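This report describes one protein chain in plain terms. Look at the sequence and the structure first, then read on.

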Amino acid sequence: MTQATARSRAQTEASGERSGRSSRHRALTLLMLLAAAACYLAVVTARHGPTPGWDTGPLTAVTTELSTGDLRAAASNSSLPNPPGYALLASPFVVALRPVIGSPVWCTTGNPSAPRHAGPKAVRSPAPAGGTGDCGQPAALGRGTAGSPPPPWYHSQGMLGVLGWLVLAVGALALLRAAGADSLGRTAGLLVFLAFLPAASSAIVQLYHPQDIVSLGLALAGLAQVLRCRWVLAGLLFGVAFLTKQFAILVLLPALAAAPDRKSRLAIVTPAAAVFAAGLLPFLVSAPRATFDNFSGISGGGALAGATVLTELGVTGSVGSAVARDAPVVFAVVVCLWARRRIGLDLARPVCLVALALACVGSRLVFESVLFPYYLLGTSVIFFLLDLVARRSPHRSLAWSAAAAFFVALRPANRALDAVVTLVLAVLGVLSGLAELRVVRRQPISQPPSLVPTLADDPS
């Protein structure tokens, strides 16, 4: 009796100690998250804040129209080839915070970053409706008239785009924790990487695409739930991610390949399809043609020309759009079927699942007709996560991210050289994921993925 009591007391003390360590870990993670968010905000501010031009106008216009209840006007806006997920997510914040960050237009504190990637063929008008410019300058209203100066970006919807970084950070942290790799060192490294990754800030300051950041964060959170066998929750997250940006399907397909059976795959697909249908249906009813054009990606007149092999081969316009959007999906389906057949249930291992996601997401870069710096976001983040989940030095992913950012942002003068090197880097990203799958040892999983080691089991 005494030994049993002593054993019980020891187990209770050990459990309390683990709980205390876990609480301290969560508190430190929260502090690091807030510090990293402040660093990201500083980076965006140093780059003069979110651009008021390029794709900003259509995105913020749809968000504003939804916040005022004008669904028909929001659905009829066919200026931006994206599904309406980001506007649906952001509009409640515009309603709640309208006096602070509700304005759809803003000014910048200096010359915002301008894309330097593709030459004249890729340039579109940088000024959205209403006119914007440097702070202190009146807004151009047309016919030679001028209105009052727009607010600075941190008093407008531009701040909502910056806050979208938190969705990415939380999703990446959730995946790291679900993989049992969330030591304080790896957590800190991940947050520093996300805060200073050029692609993460370029998504805001160059073309204003916070939807890409939010969609990636939601998709990573969905992968985390797959590792924990929470199929329905994973499906809900993937549904919102896909409704926000179409390329979330490149993360969904590896998740389906890793699911152990048809029942679990159905438990992912059903809520994902329900969420997507519920979000898109009102837009289809209100303006079916514009909604279809936005979702299919053809509303902008087709793919832009850029320094890529696809453009050098003369594949642009609607054909370029079809290749850029459909070829990665076809490739991802083939790779997922191959991985499922070769690796089987071992795909549920965190390293295998993240590696498969890297191969699928990286394929987008292979087939694009033009590469904006923020296009590197998904591949860079998942590559870095793969190194962390595999518990190794992230020198490979850091080197790839640096090289890709250099060529996509700075661009050599020789377009053919630029196109070839960009393609080589894209292929290397895909091959890095495939190589991880090829060397995995076929060892049976002794426990379900939901039981991967967590902080309570391994405080290191």
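A residue counts as buried under 20% relative accessible area, as exposed over 50%, and as partly exposed in between. Valine 420 has 46% relative accessibility, so this valine is partly exposed. The model discussed here is predicted.

**The chain as a whole**

The chain has 460 residues, and 52% of them count as buried. Its secondary structure consists of 19 helices and 2 strands. Among contacts with a separation of 6 or more, 80% are between residues 24 or more positions apart. The accessible surface is about 19600 Å², and carbon and sulfur atoms make up 66% of that surface.

**A nonpolar patch**

Valine 420 sits in helix H19, which covers residues 415–438. Together with Val424, Val427, Leu428 and Leu431, Val420 forms a nonpolar patch on the surface. The accessible area of these residues together is about 390 Å².

**A pocket between helices**

The second largest pocket has a volume of about 280 Å³. Helix H4 (85–96), helix H6 (158–178) and helix H9 (210–227) each give two or more residues to its lining. Lining residues include Tyr86, Phe93, Leu160, Val167, Val214 and Leu218.

Helix H4 also has buried residues, namely Gly85, Tyr86, Ala87, Ala90, Ser91 and Val94. Their cover includes helix H2 (56–67), helix H5 (98–101), H6, H9 and H10. Tyr86 and Ala90 are thus named both in the pocket lining and among the buried residues of H4.

**Loops on either side of H9**

Most residues other than glycine have a negative phi. Tyrosine 208, which is not a glycine, has a positive phi of about 55°. Tyrosine 208 is in the loop between helix H8 (198–205) and H9, and its relative accessibility of 1% makes it buried. Cysteine 229 also has a positive phi, near 60°. This cysteine lies in the loop between H9 and H10 and is partly exposed at 26% relative accessibility.

Arginine 228 is in the loop between H9 and helix H10 (231–244). With 17% relative accessibility, arginine 228 counts as buried. Its C-alpha atom is 9.6 Å from that of alanine 348, although the two residues are 120 residues apart along the chain.

**Salt bridges**

How many salt bridges does the structure hold? There are 9 salt bridges. The table lists some of them.

| Acidic residue | Basic residue | N to O distance |
|---|---|---|
| Aspartate 212 | Lysine 245 | 3.7 Å |
| Glutamate 368 | Arginine 364 | 3.1 Å |
| Glutamate 436 | Arginine 392 | 2.7 Å |

In the salt bridge between lysine 245 and aspartate 212, the lysine lies in the loop between H10 and helix H11 (249–258) and the aspartate in helix H9, so the pair ties together parts that are 33 residues apart in sequence. Lysine 245 is buried at 7% relative accessible area, and aspartate 212 is buried at 9%.

Glutamate 368 is buried, with 6% relative accessibility, and its partner arginine 364 is buried at 11%.

The salt bridge between glutamate 436 and arginine 392 links distant parts of the chain, 44 residues apart. Glutamate 436 is in helix H19, while arginine 392 is in the loop between helix H17 (377–389) and helix H18 (395–410). Is each partner buried or partly exposed? Glutamate 436 is buried at 14% relative accessibility, whereas arginine 392 is partly exposed at 27%. Both belong to a network of salt bridges that also links Asp387 and Arg396.

Technical notes
Residues are numbered from 1 along each chain as its sequence is written. This is a predicted model: local features need pLDDT of at least 70, side-chain atom pairs count only at pLDDT 80 or more; totals for chains, interfaces and linings use all residues. Side-chain values use heavy atoms; hydrogens and water are left out. Helices (H or I, at least four residues) and strands (E, at least two) are DSSP runs, numbered from the N terminus. Buried means under 20% relative accessible area, exposed over 50%, partly exposed in between (1.4 Å probe, protein chains only). Contact means heavy atoms within 4.5 Å. Accessible areas come from the Shrake-Rupley method with a 1.4 Å probe; for residues, only the protein chains shown count as cover. Patches are made of residues with over 30% relative accessible area and no salt bridge: like charges are joined within 9 Å, nonpolar side chains (Val, Leu, Ile, Met, Phe, Trp, Tyr) within 5 Å. A salt bridge is a side-chain nitrogen of Lys or Arg within 4 Å of a carboxyl oxygen of Asp or Glu. On a 1 Å grid over the protein atoms alone, a cavity is a set of points where a 1.4 Å probe fits but cannot get out, and a pocket is an open set with protein on both sides within 12 Å along at least five of seven lines; lining residues have an atom within 4 Å of a point. Grid points are joined across faces, edges and corners, and a volume is the space filled by probe spheres set on the points.
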